[in-house]
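Visitor: I would like a close look at one part of this assembly, a pair of packed helices, and then a careful account of what lies around it. Could you take me through it slowly, as you would for someone who works at the bench?

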4 protein chains.
Amino acid sequence: MSARTTSPGTAAPTAAKKSKLMRCFVMKRIGEVGMMEKPLPECGPNDAIIKTTHALICTSDTHTVKGAIGERTDHTLGHEAVGVIHKLGSNVTGFKTGQRIVVNAITPCWKCHNCQRGYSSQCGDMLGGWKFANLKDGSMAEYFHVNDAEANLAPIPDNLTDEQAAYCCDMLSTGFVAAEYANIPIGGTVAVFAQGPIGLMATVGARLMGAGFVIGVESMPDRQKLARHYGADAIVDYTKEDPVEAIKHLTDGEGVDAAIEALGSSKTFENCISCTKAGGVISNVGYHGDGEFVHIPRLDWGVGMSDKTIRTALCPGGSQRMKRLMRLIETGRVDPLPMTTHRFAFDEIEKAFHMMDKKEDGMIKPLISFE
Amino acid sequence: MSARTTSPGTAAPTAAKKSKLMRCFVMKRIGEVGMMEKPLPECGPNDAIIKTTHALICTSDTHTVKGAIGERTDHTLGHEAVGVIHKLGSNVTGFKTGQRIVVNAITPCWKCHNCQRGYSSQCGDMLGGWKFANLKDGSMAEYFHVNDAEANLAPIPDNLTDEQAAYCCDMLSTGFVAAEYANIPIGGTVAVFAQGPIGLMATVGARLMGAGFVIGVESMPDRQKLARHYGADAIVDYTKEDPVEAIKHLTDGEGVDAAIEALGSSKTFENCISCTKAGGVISNVGYHGDGEFVHIPRLDWGVGMSDKTIRTALCPGGSQRMKRLMRLIETGRVDPLPMTTHRFAFDEIEKAFHMMDKKEDGMIKPLISFE
Amino acid sequence: MSARTTSPGTAAPTAAKKSKLMRCFVMKRIGEVGMMEKPLPECGPNDAIIKTTHALICTSDTHTVKGAIGERTDHTLGHEAVGVIHKLGSNVTGFKTGQRIVVNAITPCWKCHNCQRGYSSQCGDMLGGWKFANLKDGSMAEYFHVNDAEANLAPIPDNLTDEQAAYCCDMLSTGFVAAEYANIPIGGTVAVFAQGPIGLMATVGARLMGAGFVIGVESMPDRQKLARHYGADAIVDYTKEDPVEAIKHLTDGEGVDAAIEALGSSKTFENCISCTKAGGVISNVGYHGDGEFVHIPRLDWGVGMSDKTIRTALCPGGSQRMKRLMRLIETGRVDPLPMTTHRFAFDEIEKAFHMMDKKEDGMIKPLISFE
Amino acid sequence: MSARTTSPGTAAPTAAKKSKLMRCFVMKRIGEVGMMEKPLPECGPNDAIIKTTHALICTSDTHTVKGAIGERTDHTLGHEAVGVIHKLGSNVTGFKTGQRIVVNAITPCWKCHNCQRGYSSQCGDMLGGWKFANLKDGSMAEYFHVNDAEANLAPIPDNLTDEQAAYCCDMLSTGFVAAEYANIPIGGTVAVFAQGPIGLMATVGARLMGAGFVIGVESMPDRQKLARHYGADAIVDYTKEDPVEAIKHLTDGEGVDAAIEALGSSKTFENCISCTKAGGVISNVGYHGDGEFVHIPRLDWGVGMSDKTIRTALCPGGSQRMKRLMRLIETGRVDPLPMTTHRFAFDEIEKAFHMMDKKEDGMIKPLISFE
């Protein structure tokens, strides 16, 4: 994933000569973050520039700083942000400056082969839809750039706050897709491994997809409590019992119809395969950051003939999905706000970032305000 | 897979007291095979007894004898056989004795939870549809027993020989399901790893499922030739070049839409993941016999976010599928006979078995005649 | 649908000579119902006999009496019933007499070609899974017969009442399948036409399948109220406004992702097609009882090129589905009891039947007690 | 379908002031065609201008002239054309002028809500992907305009002629999608109603999708012959026998797994529903041009509960699909050239058009050369 794609449209826009400066929170190099000033991004004919109002910090930002996707220099972080339209490219229609919008963490071009195939998160190349803070500067800045704006800008309904909308960028989209890909039969059983913000939203997603019994696997009491709030019917604490055995016990020995991996650990992934019944689905959204291999337990995989399916996904983007995700908040199907455990001004983002890295003070998600 | 299910209906029928004796080719214990006599199997009310006419030896029989599914004593081998109906259970309607029939290697009960869920190969429990030579005696005998006969007996059309029909038991059903599960877009690209009889039928299956370009990965010249005969558009010899690089080269650097694992080796499985494009499918039908784990190469799997899907399957059974498979032979879509490289009388089966174990004399499939 | 299938296993069991008599509520002929005595049904080797405890009357029973499926003589009505096992066939394992069980309205054989294809409601032939009160005597009797009992008997969990379980026979299974077949994108929009008991459960089903906005089309105030209780986000009264226009208005002019037809009228079906966006699904579970044709409005169907899909379904049966449906009641996802508007003893069933026919006194569902 | 969408990007480009003139074959008004001169189309930043080399006339062009999509004035006809790139918009990368390319009949924007949903043929609004000769000038001109060029231009491989590539614009894409949407089980049975060029390609498509038995319904001897050439296993002449009865007879009374409507007549559509087995698919690609309603035969539809599915499609576009379709020609899976029954210079197009309208001289497809 350290390879940067070079396809047209994904290149980071270079700064204009005398443009206004803006403050950005950047990865200076591996292991070091800080504030710096950069010129405002340029706006190509199909692009938009957004003035940031609110943002969320993601654990993957902390991975990036540790070097998970390779070295970066003075690279603006962040991929969960909302704001108002500051500037629109000459070809962009259907929007106006000043409009409140949200942008998914993934911003596909919508026209390359992978986008046409329906895999827009893999735009251009594998994982290539992930441009913010990966292939170009991210959104933890006073302004940020959006490629292919007509498809990637989603207007925020009047009855939604910025904070609510910000959760659609990644938390709802990724958490829910884990459930959407899990092929859950109505009334079926689902285990969700890890109840961080993605896992919590996968728990909600499993219920939205019809699960009759959702098991949250989590050891931290605060997260267990939030998991129950979000609809987990049972909690398995893997520090106190073998999670596979516990899940089988809770499902009359059958195992679950689907297991969701929302952590990114080979051991957890193995447990997902082992606790799933024949014909079931292991739906992975965890980012696996370590090791050459992730392991499939051969026997529990039915020596490769169990009809078990392993799916993977990267946060699906696009304005029409964002509209549907926001609708679920509007009509009360999900309320993301209990995940906001802390609030900071943009000035304080470095502190927030370090707390997120260490999950200090029970932090789930910190909201950053730019206003 | 050494665990035998104990669910009702899958138990091997015990022999009647004074019944006629029949000759069987058995696994005497791990590492030892031979002929022996057993009483004819009993026929329960929903069962049938078949008088065998022709059979094929499968490589998995040789795995079984080596201990792959644990110890067995005087266990009749074989799961690819055709014959005529010798006896019908009192509840079985729609058939008559003397009728020519074929029975899939997998004989589900069709009524348990897994069968109702649509995973009949996982009847009762994982892999539980595989009863012949696993949960009960196999079909390398003068007579064999069929559970749930109404659903598992498939009449052979008059215009098909026994030999043609025998290939539907496992070779066509397993080879084709690999392609059916591969989600091949019309005109898409497919790599089939290993061109043994299952791989050859996966090659045919890939074309039947609309592949526009099929790459057969194989090193043995005879099998390469047969792969081309069965529709491979290109051959990659993994002993002469890196198969992943070669496949990428053949697909303009994109990788394939689907890779089929028809061998059962972790290394081959890894290559399948590496050579598949984002959003593609790895369809595994290989029986993985060794090691605690099968390995997923983390980076080529897109760190778990590539939209790649790993499917697995066990030879789907049932009379309606067998009817469709035989129709494909009837209408000339596939001719399995070039796979029959050797022919033996039942008396000579031990010799055939040892040749199959070592793939001597370029053996692909040996046909055993009981007449 | 008046044609009776003659496939083995679906024939109504003939009565034993001197068997005990039981009371049955029958269709004496078209237009006439009443009580009569019949011998207890015989129990074949794969069958079960159930002693009825509770039943629900279905509107389709009233259609049957009006001649919708042709003439019947002294035909026991009913297909929504629960009870205890009175007798088990000699081949049936895994159950014991006295056990509380529920049986779906549809009782497939699970072994014919259509069952093997995954269309068990179409067992044997189109609609052939519908055996109760169609191909054999129904369940509005002190005892009733269940074919293929191992797959069709579902044990009722201790924490569920008979009344709750009875709703799984048809109301939940049919209402939910309407939503399961509707391919609802998460957060998508759904219109459910008619809020009788099937439509109400389709409303619940749409939410269980992830709908972000559910529109109930209904004119009767009591049913509108119940629709809101069950999760409709908006109500359209088709007697006060054009439902297609109203639905488009509620969806920013787009139309809905899916429309569910839960009534069985050509006009309603036409509206379903007209109010659905291009690429959407019209999911029909309404029983269309009249006319030679049901009509597709040509232009709103995009002259046959709109990517709209029309699905149809008949109440899916089987014990594993029943287990999942009951789980949804156990874990509080749905509470069917508000649909029970009236309660009767079996003695009073004729009165209940006539009230159901005319929907008197705001009747939604009447519960019949046999105890 | 007469309503023109007004979404940005689909508007016909207005002519430049002093631009070079080009010759066009136009619909002057309903019922009248002819040649005229127009300025070359303008090239927006995301567009391309193609110099036409070869084109095919489609029957739908003749429908358009008869008024099927409403009045048009001096409207250039045509949507099946290949050529070389004359001009590229400033934002278009990855192509160069002079390059041989083919453009699908449908040219989506790839960024609107319907495109993001995966229904790019319904771009903007129902049928809105169909821009050529509908929402803007068509391609029967010396030059034509392509919107969203990066996604809609497909380079023609060196080993393919223009003529071969031209068949991918509509004939292969529409004919094949009929089969792709038909959910054909491997070895299943398919009836293709009408063996015009779309039906012929649906016949090929059915085989490419794994059909074991394909029935072509056609009365014209030349087309029957071509249907057999393209893989029909049996022919039903609906002028000599009832096609539904004939199809049932050919399928042991079962009916087909899928029926494809490639004509656009209500009677044919009704037959498709009637000849399909329960659980089967009716896949419509015929353009239904007449009447307020298309009719579903109620009883053969199982009164709305048969598990039958009715799909519809409009020629899927895009460069990645075109690449796959051309690959199928490259690797010999399909040879479209036998459909070219006549050849004309662009000068003679009016004659060709009138012959196509009347299907004179056994015309299947006329190729127009611009060179």
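Guide: We can begin in chain D of this predicted model, where helix α8, residues 243-250, packs against helix α9, residues 266-275, at an angle of about 30 degrees and with the two axes 9 Å apart. Since angles under 35 degrees count as roughly parallel, that angle makes α8(D) roughly parallel to α9(D). The way in which α8(D) passes α9(D) is a right-handed crossing. On the side of α8(D), the contact is made by Pro243(D), Val244(D), Ile247(D) and Lys248(D), and on the side of α9(D) by Asn271(D), Ser274(D) and Cys275(D). Sorted by class, the residues of this contact are four nonpolar, two polar and one charged.

The corresponding pair can be followed in chain B. There, helix α8 (residues 243-250) and helix α9 (residues 266-275) have axes that come within 9 Å and cross at roughly 30 degrees, and α8(B) and α9(B) are therefore roughly parallel to each other. The crossing of α8(B) and α9(B) is right-handed. Here Pro243(B), Val244(B), Ile247(B) and Lys248(B) from α8(B) meet Asn271(B), Ser274(B) and Cys275(B) from α9(B), and by class these residues divide into four nonpolar, two polar and one charged.

From the helices of chain D we can move outward to the contacts that chain D makes with other chains, beginning with chain C. In this interface, 38 residues of chain C are in contact with 39 residues of chain D. On the side of chain C that touches chain D, the strands β13 (276-284), β14 (293-297) and β15 (309-312) each supply at least two residues, and the largest share, five residues, comes from β14(C). By class, that side of chain C has 16 nonpolar, 16 polar and six charged residues. Strand β14(C) also pairs across the chain boundary, for five bridges join β14(C) to strand β14 of chain D, residues 293-297, and the two strands run antiparallel. Within this pairing, Phe293(C) has Pro297(D) of β14(D) as its bridge partner.

Chain D also meets chain A, in a contact that takes 18 residues from chain D and 18 residues from chain A. On the side of chain D that touches chain A, the elements giving two or more residues are α2 (113-116), α3 (149-152) and α10 (319-330) of chain D. The residues on that side of chain D divide into four nonpolar, ten polar and four charged.

Turning to chain A itself, the domain assignment gives domain 1, made of residues 21-170 + 315-369, and domain 2, made of residues 174-312. The centres of these two domains of chain A, taken over C-alpha atoms, are separated by 27 Å. Their contact takes 13 residues from domain 1 and eleven residues from domain 2 of chain A, and the side of domain 1 that touches domain 2 has seven nonpolar, three polar and three charged residues.

Chain A also contains an open sheet of three strands, in the order β2-β1-β4, with antiparallel pairing. The edge strands of this sheet are β2 (32-39) and β4 (75-76) of chain A, each of which pairs on one side only. Strand β1 of chain A, residues 21-29, pairs with β2(A) in the antiparallel sense over eight bridges, and within that pairing Val26(A) has Gly34(A) of β2(A) as its bridge partner.

An open sheet with the order β2-β1-β4 is formed by three strands in chain C too, again with antiparallel pairing, and its edge strands are β2 and β4 (75-76) of chain C, each pairing on one side only. Strand β1 of chain C, residues 21-29, pairs with strand β2 of chain C, residues 32-39, over eight bridges in the antiparallel sense, and Cys24(C) stands opposite Met36(C) in β2(C). The hairpin of β1(C) and β2(C) has two residues between the strands, and in this hairpin Gly31(C) takes a positive phi near 90 degrees. With β4(C), strand β1(C) pairs in the antiparallel sense over two bridges, and Met27(C) has His75(C) of β4(C) as its bridge partner.

Definitions and conventions. Residues are numbered from 1 along each chain as its sequence is written. Chains are lettered from A and ligands numbered from 1 in the order in which they are written. This is a predicted model: local features need pLDDT of at least 70, side-chain atom pairs count only at pLDDT 80 or more; totals for chains, interfaces and linings use all residues. Axes are lines fitted to C-alpha atoms, for helices over the stretch in contact, and angles run from 0 to 180 degrees between N-to-C directions. Helices (H or I, at least four residues) and strands (E, at least two) are DSSP runs, numbered from the N terminus. Angles under 35 degrees count as roughly parallel, over 145 as roughly antiparallel, 65 to 115 as roughly perpendicular and the rest as oblique. A crossing is left-handed if the near helix is turned anticlockwise from the far one by less than a right angle, and right-handed if clockwise. Two residues are in contact if their C-beta atoms, placed from the backbone, lie within 7 Å. Ala, Val, Leu, Ile, Met, Phe, Trp, Tyr, Cys and Pro count as nonpolar, Asp, Glu, Lys and Arg as charged, and the others, Gly among them, as polar. Two strands pair if DSSP finds at least two bridges between them. Domain bounds come from an automatic or database domain assignment.
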